[in-house]
Amino acid sequence: MINIEFDLDSTLVEIMKPFEKIMLREYGLDVSGSTQYDLADEFDLSFDKIMKGFAEVYDMIEEIEFMPGAEELLHNLYARSDDPVHIITSRPIEFAEHTFRLMERFNVPFTISMLDYHYDKHNYIRKEYFVEDRRRTAIDLANRGIKVFMPKHSYNKLTQTPGCWPENLNPIDSLEELMPYLHLFVK
Ligand SMILES: [Mg+2]
């Protein structure tokens, strides 16, 4: 049985690079290197403009790149467990079909839970380990006893909240770092 579950965007797939290109093209804004997960807090961007940008990215089903190590990790988990991998994402529900089609590109059996709100994520997690890039969610899950790996990005740096990091929260440079621990992720 697989003992780890995954967030999707900026965890298994690279959505920020295409999103940054769209923001530059549409609004002349360079949002790369943002220190905030919520770009509206840092740039002069409305929620509507941000969501329109992400909608265009979600539509790029065939072009979105996998994060380094994601494909290998998912394939190894399936090979060792014969279990589908479980994805828990906060993508808007209207992008369900896009999301399923994107996950099909990994070529492993999977299930997806789509949430309405980030803060609901803990309700859906049933395994010991989770991989999540959103700092607030990662901290919340770790405080609830889930062992969280957080892929590092400009917006989720450790230094931004010194002293507030739960023991269960482990920042990682890449999913490749998890490969030596496969035995922990399959029971
Ligand atoms: Mg994410």
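Which residues are buried in α2? To find out, begin with the whole predicted model on the screen and work inwards, coming to that helix at the third stop.

**First stop: the whole chain**

Show all 187 residues as a cartoon, and you should be able to trace seven helices and eight strands in the protein. The radius of gyration is 16 Å, close to the 16 Å that the globule rule gives for 187 residues, so the protein is as compact as a globular protein of that length. If you turn the model along its principal axes, the C-alpha atoms fill a box of roughly 50 × 40 × 25 Å. Buried residues make up 27% of the 187 residues, and among contacts between residues at least 6 apart in sequence, 61% join residues at least 24 apart.

**Second stop: two domains**

Next, colour residues 4–14 together with 65–185 as domain 1, and residues 16–58 as domain 2, following the domain assignment. Where these domains meet, the contact takes 11 residues from domain 1 and eight residues from domain 2. The C-alpha centres of domain 1 and domain 2 lie 22 Å apart.

**Third stop: helix α2**

Now select residues 47–58, which form helix α2, a run of 12 residues that reaches 16 Å from its first C-alpha to its last, close to the 16 Å expected at 1.5 Å a residue. Show the side chains and pick out G53, V57 and Y58, which are the buried residues asked about at the start. They lie on the same side of α2 because they cover an arc of only 140° around the axis. Rotate to the other side of α2, and you will meet D48, M51 and K52, which are exposed. To see what the buried residues of α2 pack against, add α1 (16–27) and α4 (96–104) to the selection.

**Fourth stop: the nonpolar cores**

Select F130, A138, A142 and V148, which have the most contacts inside the largest nonpolar core, a set of 30 residues. Among the elements that give two or more residues to this core are β1 (4–6), α3 (70–81), β4 (85–89), β6 (129–131), α6 (135–143) and β7 (147–151). Centre the view on A138, and you will find that it touches E132, V148, M150 and L169, leaving aside residues up to four places away in sequence.

Finally, look for a second, separate core of five residues, which includes I15, F19, M23 and Y58. Here the tour returns to α2, where Y58 was listed as buried.

Terms used: Residues are numbered from 1 along each chain as its sequence is written. This is a predicted model: local features need pLDDT of at least 70, side-chain atom pairs count only at pLDDT 80 or more; totals for chains, interfaces and linings use all residues. Helices (H or I, at least four residues) and strands (E, at least two) are DSSP runs, numbered from the N terminus. The expected span of a helix is 1.5 Å times one less than its number of residues. A residue is buried if 20 or more other C-beta atoms lie within 10 Å of its own, exposed if 12 or fewer, and partly exposed in between; C-beta atoms are placed from the backbone. The arc is that of the directions from the helix axis to the C-beta atoms. Two residues are in contact if their C-beta atoms, placed from the backbone, lie within 7 Å. A nonpolar core is a set of buried Ala, Val, Leu, Ile, Met, Phe, Trp, Tyr and Cys residues joined through C-beta atoms within 7 Å. The radius of gyration is taken over C-alpha atoms; the globule rule is 2.2 Å times the number of residues to the power 0.38. Domain bounds come from an automatic or database domain assignment.
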